[in-house]
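Hello,

Here is the structure for your files. My notes on it follow below.

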Amino acid sequence: MGTICKLLSGVMMATSLAAATAQQPAHHWAIVIHGGAGVIERASMSPETEAAYRASLNEAAQAGAKVLDQGGTSLDAIEAVIKIFEDDPLFNAGRGAVFTAEGKNELDAAIMDGSNLKAGAVAGVTRTHHPISLARAVMEKSPHVMLIGAGADTFAAQAGLEQVDPSYFFTERRWQSLVKQLKKDGLPIPARPAGAPAPVPVAEIEPPNAHKFGTVGVVALDRAGNIAAGTSTGGTQGKRWGRVGDSPIIGAGTYASNQSCAVSATGTGEYFIRLTVAREVCALVEYKGLTLQQAADQVIHKQLEALHGDGGLIAIAPDGQLAWSFNTPGMYRARQAEGGKLQISIYNDEP
Ligand code: ASP
C-alpha cells in the first residue's frame, strides 16, 4: 500500500470511528411528567374530562420525548413540555392558573440543571406568558436564582420574553371555583378582573377539591446523561398575603443533581417546604443508597404522611431509574424511556 493510500485509509478509519462514537448515545433518554395530584377519583370524573386530561398528557409527553429523541437537552425538553401545560387551561399553571383571594393569577416556576446545580426560579409573576421560560432566563441570564413579583416580570421583558395582560391567564372555571370557595369561607368576593371576558356558564370540569392542585412538572434525562427538573404553578386557590408554595423553592418542590436525582413535586406546598421534599428524596438516594422508588415512597408515605401532608412527586436518576409516588387518590402523570412505551396514568389504582 502506498503512503497516500495508508494515510487515506487511516483518515477514513478515524472518521468512521468518530461517526460511530457520535452515533452511539451514551445514555437512553427518559422523561416523567405530572399535571398535579389531588382528589381525582374515577367516580366523580366524567369520561369526557378524563379523555381530555389523557389527551393533554399524551401531547405534552410526546413533545418532550421528541426533543430528547432528537438529541435535545433535558432542560429543553422540560421547557417545551411545561410551555404546553402553561397554555393548557386544564392545568393550574399559566393560563388556567387558580386565583388568589384578591382575584389575581400569581404564578410560580422553577427549573434546575443537574449537571451543574444551576437553578432559576420566579414567584408571584403576573405578566409573563411562560413562567417556566422566565425561570430558565433567571438561571441563564441573571446572576441570581430567584426573582419575585413585578421585578421578575420587568426582568422577563428585558430578557425579551413575551408579556401579556394579566387577564390572559383568566379562565371562567377557575374564577367560579374561587367565588365558590370564598363564599364558603365567608370571605369577600373581589371584583371580576379587568379585561376578563363576559361570564359564561361552565360545566364543572373537575371534581370538587381537585382544583386545589394541577401544578405541572417534568423531570428528564438526556442522551448526554444529564438530568434536570422543572415545575410551574398558580399555587393554591384563594392564597393570600403573597403566599408562595414549594414549587419555586429549590430543594422543596424542585431539585436536580447528577449526583443523585431530579424531582418535581405537587401538593400542599407548606409541607413540601418544611420537609425539603425534593432534596430529601435525592439525599436518601445519594447518602443512604436507596433506590429512587424507595426514596420517593419513604418521603411521601412516611415523612409527608407523618405531618398529615398530601401530594406527590415524580423523579428520575442519571442511570435511568424513574419513579412516582403520591398519597392522594390521583395524580395526572406520564412517563416514557427511550425504546419503551408511553405510559399515562391518573388514578392510584393504575400502575
Ligand atoms: N405545590 C403547589 C403549591 O403549594 C400546589 C400544587 O402542587 O398544586 O403552591
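The protein chain has a mean pLDDT (the predictor's confidence in each residue, from 0 to 100) of 91, and 90% of its residues reach 70 or more. Residues 1-5 stay under 50, and the model has two contacts (heavy atoms within 4.5 Å) for them beyond four places in sequence. Residues 10-22 are also below 50, with zero contacts beyond near neighbours in sequence.

This is a predicted model, in which local features need pLDDT of at least 70 and side-chain atom pairs count only at pLDDT 80 or more, while totals for chains, interfaces and linings use all residues. Residues are numbered from 1 along each chain as its sequence is written, and side-chain values use heavy atoms, with hydrogens and water left out.

On the ligand: 12 residues surround it (a heavy atom within 4 Å), and the closest are Thr215, Arg243, Asp246, Thr266 and Gly267. The shell divides into three charged residues (Asp, Glu, Lys and Arg count as such), one nonpolar (Ala, Val, Leu, Ile, Met, Phe, Trp, Tyr, Cys and Pro) and eight polar (the others, Gly among them).

Polar contacts are pairs of N or O atoms within 3.5 Å. A ligand oxygen is 2.7 Å from an N or O atom in the side chain of threonine 266, and a ligand nitrogen is 2.7 Å from a polar backbone atom of glycine 267.

Regards

Note on methods
A polar contact is a pair of N or O atoms within 3.5 Å; within protein, one must be able to donate a hydrogen and the other to accept it, and residues adjacent in sequence count only if both atoms are side-chain atoms.
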